[in-house]
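Here are my notes for you on this one. Have the picture open while you read, and find each spot as we get to it.

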Amino acid sequence: MPFPLPLALAIYATIWWIVLFMVLPLGVRSVEEAGEESPEGADPGAPLAPQLAKKAGLTTILSALVFLCISLATKFLYG
């Protein structure tokens, strides 16, 4: 591993959060877009079914791939 463990964990956590914010909007439909009634006082733009667990899993997989690419590039470029 080209990084010490604490640095590797910090890099992975940073990548994970960045990828999470890229994955969050995927497949989201608002209550208004779905044509359903929203409860009174609710925002019509609120997501109908955000599927957060599925997105967290996808984020973990994509982050691991990005981290692997960064680790390999660092290892081969800097020895």
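Which class does V19 fall into by its relative accessibility, buried or exposed? Keep that in mind for point 4. One thing before we start: you are looking at a predicted model.

1. **The overall build.** Let's start with the big pieces. The protein has three helices and zero strands, so if you write down the elements in sequence order you get α-α-α. Now look at how far the chain spreads. The globule rule gives 12 Å for 79 residues, but the radius of gyration here is 18 Å, well over that, so the protein is more spread out than a compact globule. The C-alpha trace tells you about its dimensions too: about 60 × 20 × 15 Å along the principal axes.

2. **Surface and charge.** Of the 79 residues, 19% are buried. The exposed surface comes to about 5900 Å², and carbon and sulfur atoms supply 71% of that area. As for charge, count 4 positive side chains and 6 negative ones. The centres of those two sets sit 25 Å apart.

3. **The nonpolar core.** In soluble globular proteins, nonpolar side chains tend to be buried together. Here the largest nonpolar core is made of six residues, namely F3, A8, I15, V19, V23 and F67. Helix α1, which covers residues 5–23, is the top contributor to this core with four residues. Pick out I15 as an example: beyond its neighbours within four places in sequence, I15 is in contact with S63, V66, F67 and I70.

4. **Back to V19.** Here is the reply to the opening question: V19 has 5% relative accessibility, and because buried means under 20%, V19 counts as buried. You will find V19 in helix α1. Setting aside the neighbours within four places in sequence, V19 is in contact with T59, L62 and S63. For a distance to try on screen, take V19 and L68: they are 49 residues apart in sequence, and their C-alpha atoms are 14 Å apart in space.

5. **Two buried residues on α3.** Helix α3 runs over residues 52–78, and T59 is found in it. S63 is found in helix α3 as well. T59 is at 0% relative accessibility and counts as buried, and S63 is also buried, with a relative accessible area of 0%. What do they touch, once neighbours within four places are left out? T59 is in contact with W16, V19, L20 and V23, while the list for S63 is Y12, I15, W16 and V19. Notice that V19 appears in the T59 list and in the S63 list.

6. **A partly exposed residue on the same helix.** T60 lies in helix α3 too. With a relative accessible area of 35%, T60 is partly exposed. Its contacts, again without the neighbours within four places in sequence, are Y12 and W16. If you look for F21, you will see that T60 and F21 are 39 residues apart along the sequence and 12 Å apart in space, C-alpha to C-alpha.

7. **The loop between α2 and α3.** Helix α2 covers 31–34, and Q51 sits in the loop between α2 and α3. Check the backbone of Q51: phi is near 55°, which is positive in a residue other than glycine. Q51 counts as partly exposed, at 44% relative accessibility. P50 is in the loop between α2 and α3 too, and P50 is partly exposed at 31% relative accessibility. Although P50 and L24 are 26 residues apart along the chain, their C-alpha atoms are separated by 8.1 Å.

8. **Another stop in that loop.** G45 also has its place between α2 and α3. At 48% relative accessibility, G45 counts as partly exposed. Compare its partner for a distance check: G45 and L65 are 20 residues apart in sequence, with 32 Å between their C-alpha atoms.

9. **Contacts across the sequence.** Last, a figure for the protein taken together. Consider the contacts with a separation of 6 or more: residues 24 or more positions apart account for 64% of them. The contact between V19 and T59 from point 4 is a good one to find on screen.

Technical notes. Residues are numbered from 1 along each chain as its sequence is written. This is a predicted model: local features need pLDDT of at least 70, side-chain atom pairs count only at pLDDT 80 or more; totals for chains, interfaces and linings use all residues. Side-chain values use heavy atoms; hydrogens and water are left out. The radius of gyration is taken over C-alpha atoms; the globule rule is 2.2 Å times the number of residues to the power 0.38. Buried means under 20% relative accessible area, exposed over 50%, partly exposed in between (1.4 Å probe, protein chains only). Contact means heavy atoms within 4.5 Å. Accessible areas come from the Shrake-Rupley method with a 1.4 Å probe; for residues, only the protein chains shown count as cover. Lys and Arg count as positive and Asp and Glu as negative; His and the chain ends are not counted. The place of a charge is taken as NZ of Lys, CZ of Arg, CG of Asp or CD of Glu. A nonpolar core is a set of buried Ala, Val, Leu, Ile, Met, Phe, Trp, Tyr and Cys residues joined through side-chain atoms within 4.5 Å.
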